[in-house]
Amino acid sequence: MSKQDLQEKLRLLPNEPGIYKYFNDLGEILYVGKAKNIKKRVASYFNKDTSLNRKTKNLVRQIHDIQYTTVENETDALLLENNLIKQLKPKYNILLKDGKSYPFICVLDERFPRIISTRNKNHKGIYYGPYPNVQTVNTLIEMLHNIYPLRTCNFDLSETNITNGKFKACLEFQIGNCNAPCIDNETEENYTHYIEASRNILEGKLHSTKQYLKKEMEFFAANYEFEKAEMIKRKLLSLDNYQSRSTIISTTIKSLSAITIKTVNGISALNHLEILNGMIVSTKTLEAKVKLEESEEDIINRYILTLENAAFEKTFITNIQLPTLEDLIKVEYPQRGEKHKLIQLSIKNCLTFIKEKEQQSQARNRKSSGLTILEQAKKDLSLHEIPVHIECFDNSNIQGTNPVASMVCFKNSIPSKKDYRHYNIKTVIGPDDFSSMKEVVYRRYKRLLEEKQPLPQLVVIDGGKGQLSSAMESITELGLKGKIVVISIAKKLEEIYYPGDEFPIYISKKSTTLKLIQRLRDEAHRFAITFHRNQRSKRVLSLEMENIPGIGEKTIQSLLSKYKSFANIAKTPVNELESMIGKSKTQKLLEYLNSNS
């Protein structure tokens, strides 16, 4: 993928939560990341940000392709990222994160085991993870402690130490967070049950834990111990929240393949989600190349038959009927429940992919159309190169007041508004279009030369031979004659003038070249007029404010800069004005406004 194609892909990324994958030119995966907003997060890697560390810069240099999967929320993105990192083991997921390894949860191999977070696998015990960040680990451990009375102390709870009464119960026992096995207040059998249930939760097996808690709640309620029943209910809600917020981890789904297809405006997209032990471990979206009279069923059949034989042992869920394959594989068409949610997630990724393809196609069409127009402009104007970068100048002054000028910029025949510029005329007194044009052209290209910015291939001057000659004086003075083509367009007959030519040339009124030049001229005129009106309004307001006793020029400029008009000043709270210009001036200003309202 070329740099230009990569930039286009960045532009079309969705503003949705999900994961993104970076690949090098060999198709090897470099990095998997999560994002609340995929577009913003991925774009942050490619901004000219000097704060990026060396390893991240090295990663960015190797990125050749970007793939993504959208999900419902940030939590799902976090969990899917974790699953894919474990499955794909991308190179840079180990190198990044400030050089730290990923955090794990460890159930220690000890009497009355503790559950801890760790970045180093140097403890004896059972490990879960790695997790994307320590916040996820802490949240999970906190939830386990809320549900079960697990100890947090690091005492050696050997049978001898407990029998000899070596320890005293701590605050955790006093507030009900721990049953104090350290003082022989908890049996090893009960505590082992808590640990097994906690491990089930970490493995995503919530069903047995929820069943046990429900029985406990019902037992306490039946014995009128409602406070204890309420505590159990809160624990159940905590588990429900943990489970329901994610499509990425499921306790009821084991292993299956979710494959869906959608066709919109002739574009067919196929998405494949691979689920292992209730977790999405692989995601893929691709364009389905439709053969002659091939249906969506045919496309999915063809895709499934390309999978490895081992895949056929799994259940397939999909959004369309596959009668042809029903004797070969187990196929389900879920209409509700968790499997249906997976189908909806898969379809969502198909539609996002199709939207991206449509935008790419539209961009190619615009580029192709723009290139055709510019190729015609090169021919009509006898240019040496295609005028990809064009700039146009216009002056504006009414009755000789507040002379201003504008420069608009088109790139690939499309307005590049971030490159538009306004100019206040500084060296010219009175309505002198020629001198004003000379000044702004000189200022514009002197600055581009100083900043070593690219020059346009074509400059258009709004006016006749006089304005064109004035512009050329500045071009010559800057040593740019022969390096930039400069033309002007006169309004009456839409004549095109070249420097030094006595007679203009006439381009067909139907020509795309003339229409392009007219668009440039009209846009420059609109931009200049808008700026002139604003400047004139400010000037009128400034003159009127000079009549207010005790209000000086600096105060006037401050008020104009912030509020723009008397109407806005009148609506401003008095205390805001006082904090800006002081009580005395505020009083004088308000007295004037009230007397003239």
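Guide: A nonpolar core is a set of buried Ala, Val, Leu, Ile, Met, Phe, Trp, Tyr and Cys residues joined through side-chain atoms within 4.5 Å. The model discussed here is predicted.

Visitor: Which residues touch the most other members of the largest nonpolar core?
Guide: In soluble globular proteins, nonpolar side chains tend to be buried together. The largest nonpolar core in this model has 30 residues. Strand 4 (104–108), helix 6 (134–147), helix 9 (188–202), helix 10 (207–222) and helix 11 (226–244) each supply at least two residues of this core. The members that touch the most others are Ile105, Ile115, Tyr148, Leu150 and Ile201.

Visitor: How many residues are in the second, separate core?
Guide: This core is separate from the one just described, and Ala405, Met407, Cys409 and Tyr497 are among its members. Its residue count is 24.

Visitor: Which residues does Tyr148 touch, not counting those up to four places away in sequence?
Guide: Tyr148 is one of the residues of the largest core that touch the most other members. With residues up to four places away in sequence left out, its contacts are Tyr194, Ala197, Ser198, Ile201 and Thr209.

Visitor: How are helix 9 and helix 10 oriented to each other?
Guide: Their axes are 8 Å apart and the packing angle is about 135°. An angle over 145 degrees would count as roughly antiparallel, and 65 to 115 as roughly perpendicular. The pair falls in neither range, so the two helices are oblique.

Visitor: How many nonpolar, polar and charged residues does the contact of helix 9 with helix 10 have?
Guide: Helix 9 brings His193, Ala197, Asn200 and Ile201, which meet Ser208, Thr209 and Tyr212 of helix 10. Sorted by class, the contact has three nonpolar, four polar and no charged residues.

Visitor: Into which classes do the residues of the contact of helix 1 with helix 2 divide?
Guide: Helix 1 (residues 3–11) and helix 2 (residues 38–46) pack at about 145°, with axes 9 Å apart. Leu6, Leu10 and Arg11 of helix 1 meet Lys39, Val42 and Phe46 of helix 2. The division is four nonpolar, no polar and two charged.

Visitor: Which strands stand at the edges of the open sheet of three strands?
Guide: The strand order is 2-1-3, and the pairing is antiparallel. An edge strand here has a single partner strand, so one of its sides is left without a neighbour in the sheet. The edge strands are strand 2 (29–35) and strand 3 (65–70).

Visitor: Which residue in strand 3 is the bridge partner of Phe23?
Guide: Strand 1 (residues 18–23) pairs with strand 3 in the antiparallel sense over six bridges. Within strand 3, the bridge partner of Phe23 is Asp65.

Visitor: What angle does the direction of helix 4 make with that of strand 2?
Guide: Helix 4 (residues 74–88) packs on the sheet and touches strand 1, strand 2 and strand 3. Its direction, set against that of strand 2, makes an angle of about 165°.

Visitor: Is Leu237 buried, exposed or partly exposed, and what is its relative accessible area?
Guide: Leu237 lies in helix 11. Buried needs under 20% relative accessible area and exposed over 50%. Leu237 falls between these limits and so is partly exposed, at 45%.

Visitor: Which residues of helix 12 are buried?
Guide: Helix 12 spans residues 296–305. The cover over its buried residues includes strand 7 (256–264), strand 8 (267–276), strand 9 (279–287) and strand 10 (315–318). The residues covered are Ile299, Ile300, Asn301, Tyr303 and Ile304.

How values were computed: Residues are numbered from 1 along each chain as its sequence is written. This is a predicted model: local features need pLDDT of at least 70, side-chain atom pairs count only at pLDDT 80 or more; totals for chains, interfaces and linings use all residues. Side-chain values use heavy atoms; hydrogens and water are left out. Axes are lines fitted to C-alpha atoms, for helices over the stretch in contact, and angles run from 0 to 180 degrees between N-to-C directions. Helices (H or I, at least four residues) and strands (E, at least two) are DSSP runs, numbered from the N terminus. Contact means heavy atoms within 4.5 Å. Ala, Val, Leu, Ile, Met, Phe, Trp, Tyr, Cys and Pro count as nonpolar, Asp, Glu, Lys and Arg as charged, and the others, Gly among them, as polar. Buried means under 20% relative accessible area, exposed over 50%, partly exposed in between (1.4 Å probe, protein chains only). Angles under 35 degrees count as roughly parallel, over 145 as roughly antiparallel, 65 to 115 as roughly perpendicular and the rest as oblique. Two strands pair if DSSP finds at least two bridges between them.
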